[in-house]
Amino acid sequence: MVYVPEIETEQEYAVLLDKVNVFYGSYHAVKDITIPIQKGKITAFIGPSGCGKSTVLRAINRMNDLVEGARVTGDINYHGKNLYDEDVDPVEVRRRIGMVFQKPNPFPKSIYENVAYGPRLLGVNKKALLDEIVERSLRGAALWEEVKNDLRKSGLALSGGQQQRLCIARTIAVEPDIILMDEPASALDPIATQRIEQLMREELSEYTIIIVTHNMQQAQRASDYVAFFNIRKNEDTPGIENRWGELAEFGETDRVFNNPAAEETAEYIAGRFG
Ligand SMILES: Nc1ncnc2c1ncn2[C@@H]1O[C@H](COP(=O)(O)OP(=O)(O)OP(=O)(O)O)[C@@H](O)[C@H]1O
């Protein structure tokens with residue numbers, strides 16, 4: 001059974017995925033994904049390895065454009081516009097829909113320059129304004145107090161958890177309205193993980209966040225909505241191309257975890273596969 005969320009056209013979504021398909025060359029990796037991403041809320045993408053969570057996440061800010069042979073069909077509606085329309089600038093899409101990766105990836109530059117980099121590219125040159133943006137972004141990423149006296153230190157000299165918060169500061173410095181996070185805490189220890197989850201709930205509470213996670217406790221603690229993806233197989237055709245990802249269930253986190261509509265969701269969250 002595939003769960004198809006009901007879409008109320010009156011409601012304003014941060015982004016509305018409507019029958020989204022992603023191909024890598026001839027391989028149809030994910031099929032007909034429909035998810036209404038709620039504004040100002042945290043949505044977790046969960047599901048077994050290879051079901052297409054990262055593929056769909058990357059489709060939302062056109063990161064798949066950078067993957068050779070990748071192609072997206074369907075509608076990813078953002079402010080009334082399909083992000084894949086010809087007149088949409090992918091660079092502008094990535095400014096408005098920022099991304100934080102699994103492995104913290106600060107630039108080999110100072111803490112200050114890591115955060116100032118994006119605003120500078122957008123033409124902000126005045127030092128006073130850059131200083132203000134750097135401070136605001138570092139505060140927004142719950143890092144300011146730890147680094148305010150060391151802004152000239154290399155971003156690479158920070159701990160893994162601090163580096164990830166620096167990457168979050170870098171993302172919010174260009175004022176996106178959606179933040180995509182691809183397993184942002186999977187390389188971090190439990191305390192650093194807890195800080196990221198707390199940050200999502202507190203400093204970043206105004207943002208729409210989509211997080212890919214393998215950690216069921218994290219999805220349950222940190223998200224408002226859950227999209228559970230699963231792998232479908234066509235047993236008649238041999239080879240990798242007979243497997244693809246589909247959305248199995250979407251809904252409020254408490255409801256999905258406590259009263260899943262699909263048997264496969266119940267099995268996955270109980271740890272019976274994946
Ligand atoms: N660049 C690529 N080229 C070809 N196939 C790809 C590429 N990236 C992903 N795939 C395939 O697309 C499918 C979905 O992969 P994806 O990484 O999105 O899944 P996932 O659910 O995020 O997995 P994981 O939890 O292991 O990160 C898989 O079959 C994968 O092998």
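How many helices and how many strands make up the secondary structure of the protein chain? There are 10 helices and 10 strands. Keep in mind as you look around that this is a predicted model.

## The whole chain

Let's begin with the overall shape. The radius of gyration of the protein chain is 19 Å, close to the 19 Å that the globule rule gives for 274 residues, so the chain is as compact as a globular protein of that length. Along the principal axes, its C-alpha atoms fill a box of roughly 60 × 40 × 40 Å.

Of the 274 residues, 42% are buried. The contacts also tell you how the chain folds back on itself: among those with a separation of 6 or more, 71% join residues that are 24 or more positions apart.

## The nonpolar core

In soluble globular proteins, nonpolar side chains tend to be buried together. Here, the largest nonpolar core has 73 residues, and the members that touch the most others are V15, F45, A169, L180 and I209. Strand β1 (residues 13-24) gives the most to this core, with six residues.

L180 is a good residue to click on. Leaving aside its neighbours within four places in sequence, L180 is in contact with L57, I60, N61, I97, G98, M99 and I210. Two of these partners, L57 and I60, are listed among the buried residues of α1, a helix that you will meet again at the ligand.

## Around the ligand

Which residues are closest to the ligand? They are Y24, A29, S49, S54 and T55, out of 13 residues that surround the ligand. The elements that give two or more residues to this shell are β2 (27-38) and α1 (53-60). The largest share, three residues, comes from α1. Sorted by class, the shell has five nonpolar, seven polar and one charged residues.

Helix α1 is also mostly covered, with seven of its eight residues buried. Those seven are K53, T55, V56, L57, R58, A59 and I60. T55 therefore plays two parts in this picture: it is buried by the cut-off of 20 or more other C-beta atoms within 10 Å, and it is one of the residues closest to the ligand.

## An enclosed helix

Now find helix α6 (residues 160-172). Its 13 residues reach 19 Å from the first C-alpha to the last, close to the 18 Å expected at 1.5 Å a residue. Is this helix enclosed or open? Because 12 of its 13 residues are buried, α6 is largely enclosed by the rest of the structure. Among the buried residues are G161, L166, C167, I168 and A169; A169 also appears among the core members that touch the most others.

What covers the buried residues of α6? The cover includes the strands β6 (97-100) and β7 (178-182), together with the helices α3 (111-121), α4 (127-140), α5 (144-147) and α7 (190-201).

## Loops and single residues

A few single residues deserve a visit. R62 follows α1 and lies in the loop between α1 and β4 (70-78). Its phi is positive, about 60°, although R62 is not a glycine. A142, in the loop between α4 and α5, is another residue other than glycine with a positive phi, in this case near 55°.

D65 shares the loop between α1 and β4. In sequence D65 and P90 are 25 residues apart, while in space their C-alpha atoms are 8.4 Å apart.

Further along the chain, I269 sits in helix α10 (residues 263-269). Its C-alpha atom is separated by 9.5 Å from that of Q217, which is 52 residues away along the chain. Beyond its neighbours within four places in sequence, I269 is in contact with M216, F257 and P260.

Here is how these four residues compare in their surroundings:

| Residue | C-beta neighbours within 10 Å | Class |
|---|---|---|
| R62 | 20 other C-beta atoms within 10 Å | buried |
| A142 | 19 C-beta neighbours inside 10 Å | partly exposed |
| D65 | 16 C-beta neighbours inside 10 Å | partly exposed |
| I269 | 20 other C-beta atoms within 10 Å | buried |

Why does A142 count as partly exposed? A residue is buried if 20 or more other C-beta atoms lie within 10 Å of its own, and A142 has 19, so it counts as partly exposed.

Conventions: Residues numbered from 1 in each chain as written. Predicted model: local features only at pLDDT ≥ 70, side-chain atom pairs only at ≥ 80, totals over all residues. Near = placed C-beta within 6 Å. Helix = DSSP H or I, 4+ residues; strand = E, 2+ residues; numbered from the N terminus. Nonpolar A, V, L, I, M, F, W, Y, C, P; charged D, E, K, R; others polar. Contact = placed C-beta atoms within 7 Å. Expected span 1.5 Å × (residues − 1). Rg over C-alpha atoms; globule rule 2.2 N^0.38 Å. Core = buried A, V, L, I, M, F, W, Y, C linked by C-beta atoms within 7 Å.
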